[in-house]
Amino acid sequence: MSRPGRAAMIWAAGFAVSACAFGLTSHRPGLWAVRLVAGLAGCACIVGGLYRSDRPARLLGLRGGGIGWLVGLAVFGGLLAVWYRFAQGRGLLPGTLGWFAFPAVGIGLAEELAYRGFVQGSLVRLGGVAACVLAALAHAGYKTCLFALPPEGVAVRLVPLAGLTLAGGVVFGLSRWKTGSVAPAILAHVAFDVLAYGDLPAAPWWV
Amino acid sequence: MTSRASLLCCLVLGGLLCGAGLAAGPDEPVHLRVPTKGSCVLQGYLSLGSMSPFSTIRYMQAGKDGRPDYSLAVFPGDLVYVVVPDEPGELRTDLFFPMVFDGQLDPKQLRAEGGRVTLNGRRIFLDLMTPEDIAATMKLPESELADLRAVRINADEPGLVGALQRLAGAGVVVSGGGVLKDKPQLLDALVAIRPVGLIAQGLPGWEKLVARLPKLRYLAVPAASLQPIVGLAELRQLDVIFQEPTDETLELLKGSTKLRSLTLMNVSPANLKGIERFGGLRRFALSNAPELADVSFLRQLPQLRTLVLGNCEKLTDIGPVGTCGELRQLAVLSNKLDQIESYQPIAKCQQLELLLLNQNVIKDRSAEVEQLRMDLPETQITGFCLGSAWMLLVLPLAMVGLLLGRRRVRRAA
């Protein structure tokens, strides 16, 4: 493997590990130093990885996806949100959208740009499927870490959380692999976040 | 391993994990679980807007007439009972669930059709307030009553006894209204339920019921006297709203050695004599103690994790708060802006995770609050909590990285 290819993977791995460390400590007040270091390291990895890339836009997957993938993934994300609401005993669709819909859009967009864009794009030299799976694992790992040590009184079932994030990540990653674009994954994630959380009166605790 | 094989493995693994989660899902009332520790307090739940940090809330706020403006009682493993004012002078009771406070559900979206409150398709709450409720309960299959956590009764309903007999041994929390006096059959039926908790704010005559329930674990009562509560050895959690001034002291409750949570409303300093007996208290909430000027008794409560000092108008020195080294959550909610001489003693509580002050204190004594923020950098004072929103940083960072990368490529070219 070429040297730039290895470097890109190191940047991606650095980001993935930093994000996990940040997630793991984000609800533990005593570990602010770890959180700070992890946050800075994650930021540095993204900027460094893109800076060292010969084609940063391509690495991130900034191009139009096929219309079929765009529509398909948006519907997939929407259906996932409907199922999620159903599993929680809520109405299948949000009645109204509150202020939290906006950060929800931003967070979905950012996560896809980070994992399906930066991480998967950096790992593409390993092969399309491997990059897709590893990026999904990195994302699932971050989510699991974020929820692993919740504030007192919050119960989280990590196994289905990890499984669903991994499975969803693989589907999103497939779209990135097949289209070379991060747009379908972003659309799906945004559709999920808006429909699942857009009507909340307040940000969920993990946000 | 080939690419297709790794993809297949991943999908199978994901499928198995999802399947395990779904299989465990409906039977595991995760969202119902309230922790037995780490409760926290909140003033103005209805006005604060964001409740994401407050997964467990327990606080009573005194109204002008001595009745609660609202109260929130959390019963470990059960549900949140909320009393909120509907109209001035009237109180409406509602049940909410911990999942609401997890920030995951909108209270307005709570599923409650008539008296049927369900979670994951299972009935957990039963209303026995009207003849229709009672008639419907009599027709319910046994399976509908298997997971009940709480029952709300109207003690004045003639048919209530029959419905309660169906709940024998259910071990639920009982709340409601109506008069219990001179109703021996009703008392027998209630005793047969073996309640684990009683919210008796609207149940005159509750004393006779409590006298027959020596193993009560949770109790919320309006009381003119502490005498009816004496001898409850299993009591974990006690809320008392004193209805009239009394000289009785907490010495009376010395038999309740397992008490871990105590909420007192409309309190005189004399009532607090003997509180040192409850050195194992984890939560202590005082609301409306206008004559209380000295909180040195806090030195005797070293294990406190949660402390509320609300509407203690003569309290100027909160120095003893600094001796509660284990304190995690603290609310000092005063009516007057300049009443507390200094908030600096709070800085000694190095374990503090949450500090609630009145909004006007945060605003008008900002220098002091800022000093507290510096002294307790990990304490949440305004409800800010950094979580997954940090990921938003990726957006500007990606732009910066893109611009820098392109610039580098152009220079190299």
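# Buried rings and surface patches

Reader: Why is B:Phe297 called buried?
Author: In this predicted model, B:Phe297 has a relative accessibility of 11%, and because the term buried applies to values under 20%, B:Phe297 counts as buried.

Reader: What makes B:Phe284 count as buried or exposed?
Author: B:Phe284 has a relative accessibility of 1%, and since buried means under 20%, B:Phe284 is counted as buried.

Reader: How many aromatic pairs does a search of the whole structure find?
Author: Over all chains, the search finds six aromatic pairs. One of them is formed by A:Phe192 and A:Tyr197, with 6.1 Å from centre to centre and 90° between the planes; centres within 6.5 Å make a pair, and planes over 60 degrees apart make it edge-to-face, so the pair of A:Phe192 and A:Tyr197 is edge-to-face. Both A:Phe192 and A:Tyr197 are buried.

Reader: Why is the pair of B:Phe284 and B:Phe297 described as stacked, tilted or edge-to-face?
Author: The ring centres of B:Phe284 and B:Phe297 lie 6.0 Å apart, with the planes at 85°; the distance is within 6.5 Å and the angle is over 60 degrees, so the pair counts as edge-to-face. This pair links distant parts of the chain, for B:Phe284 lies in strand S14 (residues 283-287) of chain B, whereas B:Phe297 lies in the loop between S14 and strand S15 (306-310), 13 residues apart.

Reader: Which residues form one aromatic cluster?
Author: The cluster consists of A:Phe15, A:Tyr115, A:Phe118 and A:Tyr142. As for their chain, chain A has eight helices and zero strands, and buried residues make up 57% of its 207 residues.

Reader: What makes A:Leu164 partly exposed?
Author: A:Leu164, which lies in helix H7 (residues 158-179) of chain A, has a relative accessible area of 34%; because this value falls between the limits of 20% and 50%, A:Leu164 counts as partly exposed. Together with A:Trp83, A:Phe86, A:Leu92 and A:Leu93, A:Leu164 forms a nonpolar patch on the surface, with about 500 Å² of accessible area together. Patch residues need over 30% relative accessible area, and the 34% of A:Leu164 meets that cut-off.

Reader: How do you know that B:Arg407 is partly exposed?
Author: B:Arg407, found in helix H10 (residues 394-412) of chain B, has 44% relative accessibility, and since partly exposed lies between 20% and 50%, the term applies to B:Arg407. B:Arg407 gathers with B:Arg406, B:Arg410 and B:Arg411 in a patch of positive charge on the surface.

Definitions and conventions
Residues numbered from 1 in each chain as written. Chains lettered and ligands numbered in written order. Predicted model: local features only at pLDDT ≥ 70, side-chain atom pairs only at ≥ 80, totals over all residues. Heavy atoms only, no water. Patch = residues over 30% accessible without salt bridge, like charges linked within 9 Å, V, L, I, M, F, W, Y side chains within 5 Å. Areas by Shrake-Rupley, 256 points an atom, 1.4 Å probe, with all protein chains shown as cover. Salt bridge = Lys/Arg side-chain N within 4 Å of Asp/Glu carboxyl O. Helix = DSSP H or I, 4+ residues; strand = E, 2+ residues; numbered from the N terminus. Buried < 20%, exposed > 50% of the residue type's maximum accessible area, 1.4 Å probe, protein only. Lys, Arg positive; Asp, Glu negative; His and termini not counted. Charge placed at Lys NZ, Arg CZ, Asp CG, Glu CD. Phe/Tyr/Trp six-rings, centres within 6.5 Å; stacked < 30°, edge-to-face > 60°.
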